[in-house]
Amino acid sequence: MTSTSLITGASSGLGTEYARQLARRGDLLVLVARDATRLERLADELRREGAADVEVLAADLTSPDGIAAVTDRLTDPTRPVETLINSAGFGLPLTFETNDIEDEVRHLRLHDEVPMRLMHAVLPSMLTRRSGTILNIASASAVMPRSTYAACKAWLVMFSRWANTQYRSRGVTVTAVCPGYTHTDFHARLGLPKGEEGIPSWLWLEAPRVVAESLRDVERGKAVSVPSRRYRAIYTIAGFAPSGLVARLAARGR
């Protein structure tokens, strides 16, 4: 039976790569993002490559109307969603004290409130069917003191760990994906072109690898997926190292 996957933040970054890999495995796709033009462009690309079916849902998830549109789709009993991928997000400078507070509030809402609302919307139908998958795109920085971005991602990791324990026996897995620095357009949107991010080259990962490894971890029912051995080591060490030391190291780059 064909599975339907809904991906937020599908127009760029890891969201786009999830769309490509899930299309190749035969999933029906619901692509969600603000930019309808970019979504349609991606949908056309996937259809040309043989995607089974691609639905475009343009929605601003920082607005009540946008959230309502996506929750309506997730709760439509005639078109169940088997996989939810919460990938929408954006970055801010690490200088919290000079950031616009409304930008910080939108940042918090998009990274934590929106995934919480979407999970709450889709879980009842998944539990009724005793089948479902939720991926929350977090970050390896979730265990590092690194301004509000890491704080938001830490919430996603902790909730996913609890939810996976709570719902896995009922057929629903919840996984926090914690990649390290990954080549997408995320940093370019912060005004940092490739090669100017201040990060050593050996720390960079490629999006196809991150997505493929995370999907394998999801199949294994893991609550937390940290793609690549180097970041699994960093993630583990950072959880035990002194906060001051980790904060100084995490302050490098953007």
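Start your tour by selecting Ser11, Ser12, Gly13, Thr16, Glu17, Arg20, Arg38, Arg41, Leu42, Glu45 and Ala207: together they line the second largest pocket. Keep in mind as you click around that this is a predicted model. The pocket holds about 200 Å³ of space. Now color helix H1 (13-24) and helix H2, since each of them supplies at least two residues of that lining. How does anyone spot a pocket at all? Rolling a probe the size of a water molecule over the atoms shows where empty space is left.

**Next stop: helix H2**

Stay with H2, which covers residues 36-48, and pick out aspartate 44 and arginine 47. Their side chains meet in a salt bridge, with N and O 3.2 Å apart. The two sit three residues apart in the helix, which is about one turn. Are they buried or exposed, or something in between? Aspartate 44 has a relative accessibility of 37%, so it counts as partly exposed. Arginine 47 also comes out at 37%, so it is partly exposed too.

**Charged pairs elsewhere**

If you're new to these pairings, here's the basic idea: side chains of opposite charge can pair when their charged atoms come close. A search of the whole structure turns up 13 salt bridges, so there's plenty to look at.

Select arginine 25 and aspartate 27 for another one, where the N to O distance is 3.0 Å. Check how much of each partner is accessible. Aspartate 27 is buried because its relative accessibility is just 4%, while arginine 25, at 46%, counts as partly exposed.

Then hop over to helix H4 (residues 101-129) and show glutamate 113 and arginine 117. They form a salt bridge whose closest N and O atoms are 2.8 Å apart. Here the partners are four residues apart, again about one turn of the helix. Arginine 117 has a relative accessible area of 43%, so it is partly exposed. Glutamate 113 is partly exposed as well, with 26%.

For a group rather than a pair, select Glu55, Arg73, Asp76 and Arg79, which are linked in a network of salt bridges.

**A lysine without a partner**

Now go to helix H5 (residues 147-167) and click on lysine 153. Which side chain of opposite charge is nearest to lysine 153, and how far away is it? That would be aspartate 112, 7.0 Å away. A salt bridge needs the atoms within 4 Å, so lysine 153 has none, even though it is buried.

Lysine 153 does have other company, though. Show histidine 111: the two side chains make a polar contact at 3.1 Å. Leaving out residues up to four places away in sequence, lysine 153 touches His111, Ile137, Ala138, Ser139 and Ala142. Try showing those as sticks to see what surrounds the lysine.

**Last stop: arginine 161**

Stay in helix H5 and select arginine 161. With a relative accessible area of 45%, arginine 161 is partly exposed. Which residues does it contact, once you set aside its neighbours within four places in sequence? Ala223 and Val224. To finish, draw a distance from the C-alpha of arginine 161 to the C-alpha of threonine 173: they are 9.8 Å apart in space and 12 residues apart in sequence.

Key:
Residues numbered from 1 in each chain as written. Predicted model: local features only at pLDDT ≥ 70, side-chain atom pairs only at ≥ 80, totals over all residues. Heavy atoms only, no water. Buried < 20%, exposed > 50% of the residue type's maximum accessible area, 1.4 Å probe, protein only. Lys, Arg positive; Asp, Glu negative; His and termini not counted. Polar contact = N/O pair within 3.5 Å; in protein donor to acceptor, adjacent residues only side chain to side chain. Contact = heavy atoms within 4.5 Å. 1 Å grid on protein atoms, 1.4 Å probe; cavity = no way out; pocket = protein on both sides within 12 Å on 5 of 7 lines; lining within 4 Å. Points joined across faces, edges and corners; volume = space filled by probe spheres on them.
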